[in-house]
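Reader: I would like to learn how to read a fold from a model. Please take me through one, feature by feature.

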Amino acid sequence: MQQQERVEKLKLESLNRKSLEDYKESEKIPVIVLLDQVRSMHNVGSLFRTSDAFAIEKIYLCGITPCPPHREIQKTALGATESVEWEHQENISELITNLKNEGYIIVGVEQVKGSILLQDYPINKEQKYVLIFGNEVEGISDSILHLIDIFIEIPQSGTKHSLNVSVCAGIVLWEWYRNLLR
Ligand code: SAH
């Protein structure tokens, strides 16, 4: 009986989520997500859902990255393509240059020589960030590596070389969100 009561109580707890209108008006964290040639629609949808959760300013879908509306994106975005601001950009180098000029620090989330481990990177509350995630096979395009200010990497101890890009983004965006949230 006690167990039943506890279950009922847990279930009745309201999650108290924002309406679409309230979300659009609400404060965002100063982070832009830039997807560089991400191929999978399920990954793109998942990235939207996580970006909604962590109040990301905007998502840029670059190059071949598929754009909403699409059934396969919707499967994992679950409506987050309506709440999170997004734009498609073909010319990623030009986009990065413009965002740099607007004062954003350009962060490549990638495993490269000399990258900083996520837990060692001091996230600055006064700073605006662009976080770039790369293609599922190729990683971040060679042609933009020289435009990136710093690289951060999630340490791994298993047998696989990398994480799924949307899983990686979940970990990284949580780190930014918890540091920047006012
Ligand atoms: N270059 C990888 C494959 C890319 S994984 C390989 O050789 O296996 C797709 C994207 O996920 C990467 O471009 C990067 O943005 C991100 N990613 C995956 N695992 C990561 C990690 N451990 N640290 C940082 N970024 C990672």
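**Reading the sheet, the surface and the salt bridges**

Author: Start with one pair of residues: Leu 35 stands opposite Phe 133 in β6. Keep in mind that this is a predicted model.

Reader: How should I read such a pairing, and in which sense do β1 and β6 pair?

Author: The general idea comes first. Strands of a sheet pair through backbone hydrogen bonds, either parallel or antiparallel. Here β1 and β6 (residues 128–133) pair in the parallel sense, over five bridges. Another contact between these strands joins Val 31 to its bridge partner Tyr 129 in β6.

Reader: Which residue of β2 stands opposite Val 33?

Author: Ile 59 does. β1 and β2 (residues 56–62) are parallel too, with six bridges between them. To get from β1 to β2, the chain passes through helix α3 (residues 41–53). This β-α-β crossover is right-handed.

Reader: In what order do the strands lie in the sheet?

Author: The order is β3-β2-β1-β6-β4-β7-β5. The seven strands form an open sheet, and the pairing is parallel. β3 (86–89) and β5 (116–117) stand at the edges. Each has a single partner strand, so one side of each lacks a neighbour in the sheet.

Reader: Now the faces. Which residues of β1 lie on each side?

Author: Recall the rule. In a regular strand the side chains alternate between the two faces of the sheet. On one side of β1 are Ile 29, Val 31, Val 33 and Leu 35. On the other are Pro 30, Ile 32, Leu 34 and Asp 36.

Reader: Are those faces covered or open?

Author: Both faces are covered. Eight of the eight residues in β1 (residues 29–36) are buried. Asp 36 is among them.

Reader: Let us step back. How many helices and strands does the protein have?

Author: Seven helices and seven strands. From the N terminus the elements run α-α-β-α-β-α-α-β-α-β-β-β-β-α.

Reader: What radius of gyration does the protein have?

Author: It has 18 Å. A compact globule with 182 residues would have a radius of gyration near 16 Å, so the value agrees. For the extent, use the box filled by the C-alpha atoms: roughly 65 × 35 × 35 Å along the principal axes. Buried residues make up 44% of the 182 residues.

Reader: On to charges. How many salt bridges does a search of the whole structure find?

Author: Six. Read each one by its atoms, its place in the chain and its exposure. Take Asp 149 and Lys 100: their closest N and O atoms are 3.5 Å apart. This pair links distant parts of the chain, 49 residues apart. Asp 149 sits in the loop between β6 and β7 (150–153), Lys 100 in helix α6 (residues 92–101). Asp 149 is partly exposed at 39% relative accessible area. Lys 100 is partly exposed as well, at 31%.

Reader: Where do Glu 175 and Arg 178 lie?

Author: Both are in helix α7 (residues 165–180). They are three residues apart, about one turn of the helix. The closest N and O atoms of their salt bridge are 2.8 Å apart. Glu 175 has 15% relative accessibility and buried means under 20%, so Glu 175 counts as buried. Arg 178, at 47%, counts as partly exposed.

Reader: Which residues are joined into one network by salt bridges that share partners?

Author: Lys 58, Glu 85 and Glu 87. A further salt bridge joins Glu 72 and Arg 71, with 3.8 Å from N to O. Arg 71 is exposed at 64% relative accessible area. Glu 72 is partly exposed at 21%.

Reader: Last, the nonpolar surface. Which residues make a patch there?

Author: Leu 163, Val 167 and Ile 171 make a nonpolar surface patch of about 210 Å². Leu 163 is in the loop between β7 and α7. At 33% relative accessibility, Leu 163 counts as partly exposed. A patch residue must have over 30%, so Leu 163 passes that cut-off.

Conventions: Residues numbered from 1 in each chain as written. Predicted model: local features only at pLDDT ≥ 70, side-chain atom pairs only at ≥ 80, totals over all residues. Heavy atoms only, no water. Buried < 20%, exposed > 50% of the residue type's maximum accessible area, 1.4 Å probe, protein only. Helix = DSSP H or I, 4+ residues; strand = E, 2+ residues; numbered from the N terminus. Pairing = 2+ DSSP bridges. Right-handed = clockwise from strand over helix to strand, strands pointing away. Salt bridge = Lys/Arg side-chain N within 4 Å of Asp/Glu carboxyl O. Patch = residues over 30% accessible without salt bridge, like charges linked within 9 Å, V, L, I, M, F, W, Y side chains within 5 Å. Areas by Shrake-Rupley, 256 points an atom, 1.4 Å probe, with all protein chains shown as cover. Rg over C-alpha atoms; globule rule 2.2 N^0.38 Å.
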